Amino acid sequence: MTINTHLKNAKQDTTYIMKRFVVSTLFIFFISSHNAQSIEQHEKIGDSLLTAGQYDVAITYFEKELQEFPKNEQILRYLGYNHIAKNNFDQGEKYYTEALSVNPKCGRCYNNIARIYYLKGNTRKALELANKSVNIDPKDASLYASRAKLKEALNNKYGALIDYNKAIEIDPTHPGYFLERGSYYANTGNVTSGLADMTRAIELAPESYNPYFSRANIYYDQQRHKEALKDINKAIELDSTQQSLYTGRGSIYAALQEDQKAIDDYSKAIAINKNYFLPYLNRALSYYQLENLDASCADYNALNSLIEKGNLTDEVIISDIKKSIEDICNPEKPSYYYQRGVAHYNLAEFDKALNIYDEGLAKFPESGMLLSFKGNTLLAIEKYEKAIEFYTYSLEKKESVKDEIAVHPRFEKESKKQTSFYDRFLASTNLSITECLIYLDRMDEALIKINEAIALIPDVVDFNKEFYYNIRGHIYLNMNKNELAIKDFKTSIELNKKFPAAYVNMAIAKMNLSKKVKFSTFTVGSNFKNQPRNVSWSFPNTSSFKKSESNIKAALSDCNTAIAINKNYGFAYYIRGQIKQILQSSDYCMDFLTAQRLGLIVEDNLLKGCIQ
């Protein structure tokens, strides 16, 4: 991984997935003295506002209704529920307590007060109130289901399952209880039972979107994205007004790397409910994946407005949003410029990358990070001398890199991460200089620089150390020091047994050591990443050639291993074709033609005799 991709991947430590469907607590309202038409009106308006997440509007409406009906249990409970949804726990408890004064046997009032205590961290009191709700109304299945969720949250898995089973025993035709138990099964690793419960819920409520949505969640968590997409498409067919469905489908599209479709769905979700944070957050991430940082920042700024309005209160998510804004949206930070430079680089818009780096360097002329990233772009456009100049200057300003990392929001108060990133920066910058020197055919200097890079390799697991040893082996190959090259390629393979380049390079070194094969030409290729070198050997054109020569057979085996690892690694076919040609194998042309199809240059003299 280059410093570009490392920084790109470092931008988000948190992954946000489909918002889990939570079955709403069912309301059975005490029939008060006012007429049935008012009750139906309250239910219709209350449920509609709850579904839309318009808690403030609901509170305003029911406070006005409460003035006319001050002892109405239904109104008091709607007020309590909406205040809980806004994390106004004291107000929520107040209204549910008033509802209990109207109806002391309101089991669901105790149940919702239990929720408040759980959310406030008083789990002992929460469980006590949940038990009381069940004792007051032991025939209410919803109370068992609610207590089951509390027990599940408290890691009392056995007790939770007993309560879920009891809810279904009392009301075996209610799809919601199968949904809740299905989610419980899935969360505890029993995916088969979880899917069976979701399917049963679909059978009980085939016209409801909820069971399809919930089953899609399980499929999504199991990375069965096509099945998840099928279910959520059905859910949207049944109800196209639910923002959570579009947010969920957007997450599925994002997992399928169809980022534009994900963005389209997140936009639909936002159009339905502009005050819910998740589609903004997920859309910001998708825009980032598409390298559209300005659009991503627009969503992060929208999220910041939701935070200021109190519509988002989760401290972990808020912290991550603030870090993202500082990282990519603040033009007073060097990261604003190098993040955009990385985006243009990844889109192969190298002129735009250079322009944004120059804009940043005009503001922060001694930013080691900006200097190094500009060097990456110059390397990509083959301006090797100029790239070395910027890389060298960035290393001279390495203390500024330390300072930038120290104040970077991603590494705040995490000294180990700061040290690790700094060490990666030093090693990768020296490696990039090495690549430039290889292209310039300055192998002695390249060897000195790669040795410096290897000495700087950080002692961490997730670092591509194998690439460094492979590059040094490549240099030794160019210097015709084949034994040293093989030693480095073996080290590279020990570090990563699935690294095909090291196997092919080792095959070249073994061929060079073969007494029966004479090294003919060897040049650094124009595309170092795909075709590191053009190689050809001369060999005796005689039937007495020993096909069993050990080095040649070992080289062939190495190429076979590389192709088994990656069937699209064209350089392996290019080298194997030559080995087969030396061994007088009849199918060598197939390898050359495959290499050509995969974008490699195969010399005319090698293709002589092949039908193209």
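A residue counts as buried when its relative accessible area is under 20%. That cut-off serves throughout this tour of a predicted model, which moves from one cysteine pair to the next along the chain.

**First stop: cysteine 106 and cysteine 109**

Select cysteine 106 and display its side chain. At a relative accessible area of 3%, cysteine 106 is buried. Add cysteine 109, which is also buried, with a value of 0%. The two residues are joined by a disulfide, with an S to S distance of 2.2 Å. Viewed along the S-S bond of cysteine 106 and cysteine 109, the torsion is about 80°, and the disulfide is therefore right-handed.

Now widen the selection to residues 73-106. UniProt, in an unreviewed entry, lists this span under "repeat: TPR". In the model, 79% of residues 73-106 is helix and 0% is strand, and the C-alpha atoms at the two ends of the span lie 9 Å apart. Among the other spans that the entry gives under the same name are residues 107-140 and 334-367.

**Second stop: cysteine 297 and cysteine 329**

Select cysteine 297 and cysteine 329 together. Their sulfur atoms are 2.1 Å apart and form a disulfide. This link is left-handed, with -100° about the S-S bond. The bond connects distant parts of the chain: cysteine 297 belongs to helix α17 (residues 293-309), whereas cysteine 329 sits in the loop between α18 (315-328) and α19 (334-346), 32 residues apart. Are these two cysteines buried or exposed? Cysteine 297 is buried, at 6% relative accessible area. Cysteine 329 is counted as buried as well, at 15%.

Keep α17 in view and colour α19 for contrast. The axes of α17 and α19 are 10 Å apart and meet at an angle of about 135°. The arrangement of α17 relative to α19 is thus oblique. Which residues make the contact? From α17 come Leu293, Asp294 and Cys297, and from α19 come Gln339, Arg340 and Ala343. Sorted by class, the contact of α17 with α19 comprises three nonpolar, one polar and two charged residues. Cys297 thus appears twice at this stop, as a partner in the disulfide and as a member of the helix contact.

**Third stop: residues 466-499 and two further cysteines**

Select residues 466-499, another span given as "repeat: TPR" in the unreviewed UniProt entry. The end C-alpha atoms of residues 466-499 are 8 Å apart, and the chain there is 79% helix and 0% strand.

Next, select cysteine 436 and cysteine 559. Cysteine 436 is buried, with a relative accessible area of 0%. Cysteine 559 also counts as buried, at 0%.

**Fourth stop: cysteine 589 and cysteine 610**

Finally, select cysteine 589 and cysteine 610. They form a disulfide in which the sulfur atoms are 1.9 Å apart. The torsion about the S-S bond of cysteine 589 and cysteine 610 is about -85°, which makes the disulfide left-handed. Because cysteine 589 lies in helix α31 (residues 588-597) and cysteine 610 in the segment after α32 (604-607), the pair ties together parts that are 21 residues apart in sequence. Both cysteine 589 and cysteine 610 are buried.

**Looking back along the chain**

Show the disulfides together. How many does a search of the whole structure find? The search finds three. When the bonded cysteines are counted along the chain, the disulfides follow the pattern 1-2, 3-4, 5-6.

Key: Residues numbered from 1 in each chain as written. Predicted model: local features only at pLDDT ≥ 70, side-chain atom pairs only at ≥ 80, totals over all residues. Heavy atoms only, no water. Disulfide = S-S within 2.5 Å. Buried < 20%, exposed > 50% of the residue type's maximum accessible area, 1.4 Å probe, protein only. Helix = DSSP H or I, 4+ residues; strand = E, 2+ residues; numbered from the N terminus. UniProt positions renumbered as here; feature names shortened; annotations may be inferred. Axes fitted to C-alpha atoms, helices over the stretch in contact; angles between N-to-C directions. Parallel < 35°, antiparallel > 145°, perpendicular 65-115°, else oblique. Contact = heavy atoms within 4.5 Å. Nonpolar A, V, L, I, M, F, W, Y, C, P; charged D, E, K, R; others polar.
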